[in-house]
Amino acid sequence: MDSVKQAQEILKQIRDEREWKQFHTPANLAKSICIESAELLECFQWSNDVFDLQDVKEELADVFSYCLLLADTLGLDPMDIVMEKAGKTRKKYPVEKAKGKSTKYDKL
């Protein structure tokens, strides 16, 4: 079993032991991703260079955890959807046009 699947299984076990599945609707999980993402951003609120790495790790773990739970709830394989999106990104941002630029794909 790969580490992504192992992480999903552990998260589901934690959820199920606590009877939290009733709260894990797709909408609630998506909201939780946004909330935890804001907490991650808060780690960098006043400085781009000074931050507590442990706080960043914990907030990033929360974001990943809710993403993994949402993917599972929707019956999606996390690695499949990441690879599918990576393929689309490669097409939208060809190296010869996008290299070193932050320009949106439709402006390249």
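How many helices and how many strands does the protein chain have? The protein chain has 5 helices and 0 strands, where helices (H or I, at least four residues) and strands (E, at least two) are DSSP runs numbered from the N terminus. This is a predicted model, in which local features need pLDDT of at least 70, side-chain atom pairs count only at pLDDT 80 or more, and totals for chains, interfaces and linings use all residues. Residues are numbered from 1 along each chain as its sequence is written, and side-chain values use heavy atoms, with hydrogens and water left out.

**The whole chain**

Begin with the C-alpha trace in full view. From the N terminus on, the order of elements is α-α-α-α-α. The radius of gyration of the protein chain is 17 Å, well over the 13 Å that the globule rule gives for 108 residues, so the chain is more spread out than a compact globule. Here the radius of gyration is taken over C-alpha atoms, and the globule rule is 2.2 Å times the number of residues to the power 0.38. Along the principal axes, the C-alpha trace spans about 50 × 35 × 25 Å. Of the 108 residues, 20% are buried; buried means under 20% relative accessible area, exposed over 50%, and partly exposed in between (1.4 Å probe, protein chains only).

**Helix α1 and its salt bridges**

Select helix α1, residues 3-17, and display the side chains of Glu 9 and Lys 12. These two residues form a salt bridge, with the closest N and O atoms 3.3 Å apart. A salt bridge is a side-chain nitrogen of Lys or Arg within 4 Å of a carboxyl oxygen of Asp or Glu. Because Lys 12 and Glu 9 are 3 residues apart in helix α1, about one helical turn separates them. Lys 12 counts as buried at 17% relative accessibility, whereas Glu 9, at 39%, counts as partly exposed. Add Asp 72 to the selection: Glu 9, Lys 12 and Asp 72 are linked in a network of salt bridges.

A search of the whole structure finds 6 salt bridges. One of them joins the side chains of Asp 77 and Lys 5 (3.3 Å, N to O). This pair links distant parts of the chain, 72 residues apart, with Lys 5 in helix α1 and Asp 77 in the loop between α3 (53-73) and α4. Both partners are partly exposed: Asp 77 has a relative accessible area of 24%, and Lys 5 has 30%.

**The loop after α1**

Move next to Glu 19, in the loop between α1 and α2 (26-42). Its phi is near 55 degrees, a positive value in a residue other than glycine. Most residues other than glycine have a negative phi. Glu 19 is exposed, with a relative accessible area of 59%.

**Helix α3**

Select Asp 55, which is placed in helix α3 and is partly exposed, with a relative accessible area of 39%. Then measure from Asp 55 to Leu 40: the two are 15 residues apart in sequence and 8.0 Å apart in space, C-alpha to C-alpha.

**Helix α4 and two surface patches**

Select helix α4, residues 78-92. Within it, Lys 88 forms a salt bridge with Glu 84, the closest N and O atoms being 3.7 Å apart. The two residues are separated by about one helical turn because they lie 4 residues apart in helix α4. Lys 88 counts as partly exposed at 47% relative accessibility.

Which residues form a nonpolar patch on the surface? They are Leu 74, Leu 76, Ile 81, Val 82 and Met 83, with about 450 Å² of accessible area together. Accessible areas come from the Shrake-Rupley method with a 1.4 Å probe, and for residues only the protein chains shown count as cover. Patches are made of residues with over 30% relative accessible area and no salt bridge; like charges are joined within 9 Å, and nonpolar side chains (Val, Leu, Ile, Met, Phe, Trp, Tyr) within 5 Å. Leu 74 is in the loop between α3 and α4 and is partly exposed, at 46% relative accessible area. Met 83 lies in helix α4 and is exposed, at 56%. The C-alpha atoms of Met 83 and Lys 12, 71 residues apart along the chain, are separated by 23 Å.

Finally, select Lys 85, Lys 92, Lys 104 and Lys 107, which gather in a patch of positive charge on the surface. Lys and Arg count as positive and Asp and Glu as negative, while His and the chain ends are not counted; the place of a charge is taken as NZ of Lys, CZ of Arg, CG of Asp or CD of Glu. Lys 85, in helix α4, is partly exposed, with a relative accessible area of 49%.
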